[in-house]
Number of protein chains: 2
Amino acid sequence: MNSGSANEMTENCPIARWRRKKEARPSEILDAALAQFVEKGFRATKMEDIARAAGVTKGTPYLYFQNKEDILKAVVRETLVANLKDIQLLAGQHAGSTAGLLHLMVETWWHKVGSAPSAGLCKLMIAEASNFPELAQFYFDEVIQPSTEMMALILQRGIDQGEFRPLPVAHAVDALMAPLISTMIMNHSFGQLPGCPLASTHNPLAYLKDALDLVLSGILKK
Amino acid sequence: MNSGSANEMTENCPIARWRRKKEARPSEILDAALAQFVEKGFRATKMEDIARAAGVTKGTPYLYFQNKEDILKAVVRETLVANLKDIQLLAGQHAGSTAGLLHLMVETWWHKVGSAPSAGLCKLMIAEASNFPELAQFYFDEVIQPSTEMMALILQRGIDQGEFRPLPVAHAVDALMAPLISTMIMNHSFGQLPGCPLASTHNPLAYLKDALDLVLSGILKK
DNA sequence: ATCAAGCTACTGAACAGTGATTTATTAATT
DNA sequence: AATTAATAAATCACTGTTCAGTAGCTTGAT
């Protein structure tokens, strides 16, 4: 919400005195942490980086959070879990064809997640999952599992209504999610390299739509 | 090649005297490093882990390699670049239909890369790319770029021969690779979690074949 | 309204553990 | 005896976390 506004004063004016802001600090720290984590990864982000980006000093984050891992958990909750709920809502409200819903979901996902810092956070979770099993479990339970279940329900409904042909739902779910995952991954690893010509980094939204159409043509009844 | 055999003696017999093996050391160290990197990731792997796994002490790897990053580069060269060449050879020799070639490539890829330590290494490169730009560029130039070009050539040939319908080649290439990428990613991040029901981690080869068929049905001429 | 006096958000220096790399020393091989 | 592969102790830089001290804010008596 107030991302970037936390440190106007402290950054512009070296003589600035600090203020006491008990209410605002936590979210300022989380906003700063999100940006730093996405930019540098979890391990490479120092507590001092987070603190400075939030306009405070090293010790302050420890007034509001247990430790670095706790901050990451809070960031994930604020962004990814929230994103997922938005999309679940969208899916629940939709009335038209299931194929149309999938198109709408991809587009919405791109705007809210794929092209946002959230995507960097997903990539970070994937990168760090094996180093932090507890964190991995948390992310799996709160994000991956619910997403997968939602997609499975949607596909199953498409089959039941005769719009899709019968197919192994679990495989189709993964096939639909794979382009999203690889887009996030690529954009936040090799995407910034000079002269990277991957479709998913060059024109992501167009790629995502084409990828969806390719898979859909295998799913739809002929 | 001799993975795991490097340290028979040193591990079993605490009083064992070390031996001088100038020729064998580099590959023993690289084998050990591959295993450690795949298990723990790059940063979390200590030089001492690598050394001990190779049956030597901390200082020894520095006799053969500049530093930790240099070891990773060498590991990537020995495995991923070699894997790619194998698959390029396979593609070059194939005679039958292009769709058949794609099926063969997926199966071969699974045996040589997807289910092997190589997959863990790919995931590691993705995870660390943004922290090591030079390494990222190296991997992009040596692995990603050539893979993409190979796939593009294959698809283009399929189109030229009238087997595939005309389509945006770059998008289709990414759509074909996405399931492979997400399989590697998932298997080496959340795949080991208790009760992970993702298709790509539960029965990867079956999933990969289904995913290929789904995309193929969008590519093939009707 | 003013102004202490106390509360506590915040600071920043110090601590402690870690891990990459160096180097003086040891001992296998020739 | 000379050579040098390998060791293991020492170095050095880094960073998560703590904590004693500082200063912004609030309160309540005047």
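## A tour of DNA strand D and the A–B interface

Select DNA strand D and the protein atoms around it: of the strand's atoms within 4 Å of the protein, 74% are sugar or phosphate atoms, and the rest belong to bases. The model is predicted, so local features need pLDDT of at least 70 and side-chain atom pairs pLDDT 80 or more, while totals for chains, interfaces and linings use all residues. Residues are numbered from 1 along each chain as its sequence is written, chains are lettered from A and ligands numbered from 1 in the order written, and side-chain values use heavy atoms, without hydrogens or water.

**Stop 1: around the strand.** Now select the residues near DNA strand D, 24 in number (near means that a heavy atom of the residue lies within 4 Å of the strand). The closest are A:Arg20, A:Tyr62, B:Lys21, B:Thr60 and B:Tyr64. By class, this surface has twelve charged, seven nonpolar and five polar residues (Ala, Val, Leu, Ile, Met, Phe, Trp, Tyr, Cys and Pro count as nonpolar; Asp, Glu, Lys and Arg as charged; the others, Gly among them, as polar).

**Stop 2: three side chains of chain A.** Show the side chain of A:Arg20: an N or O atom there is 2.4 Å from a base nitrogen of DNA strand D. Go on to A:Lys58, where a polar side-chain atom lies 2.9 Å from a base oxygen of the strand. At A:Lys46 the partner is a phosphate oxygen of DNA strand D, 3.2 Å from an N or O atom of the side chain.

**Stop 3: the two protein chains.** Hide the DNA and select chains A and B. A turn of 180° with a shift of 0.0 Å along the axis lays chain B on chain A with an RMSD of 0.1 Å (least-squares superposition on C-alpha atoms of residues with pLDDT of at least 70 in both copies). The two copies are therefore related as by a two-fold rotation axis.

**Stop 4: the interface.** Select the 50 residues of chain B in contact with 50 residues of chain A (contact means heavy atoms within 4.5 Å). Between them the chains bury about 4000 Å², 70% of it on carbon and sulfur atoms (accessible area, 1.4 Å probe, lost on putting the two parts together and summed over both). Highlight B:His171, B:Phe190 and B:Leu214, which supply 16% of the area that chain B buries against chain A, more than any other three residues.

How many salt bridges are there between chain B and chain A? The count is zero (a salt bridge is a side-chain nitrogen of Lys or Arg within 4 Å of a carboxyl oxygen of Asp or Glu).

Conventions: Polar contact = N/O pair within 3.5 Å; in protein donor to acceptor, adjacent residues only side chain to side chain.
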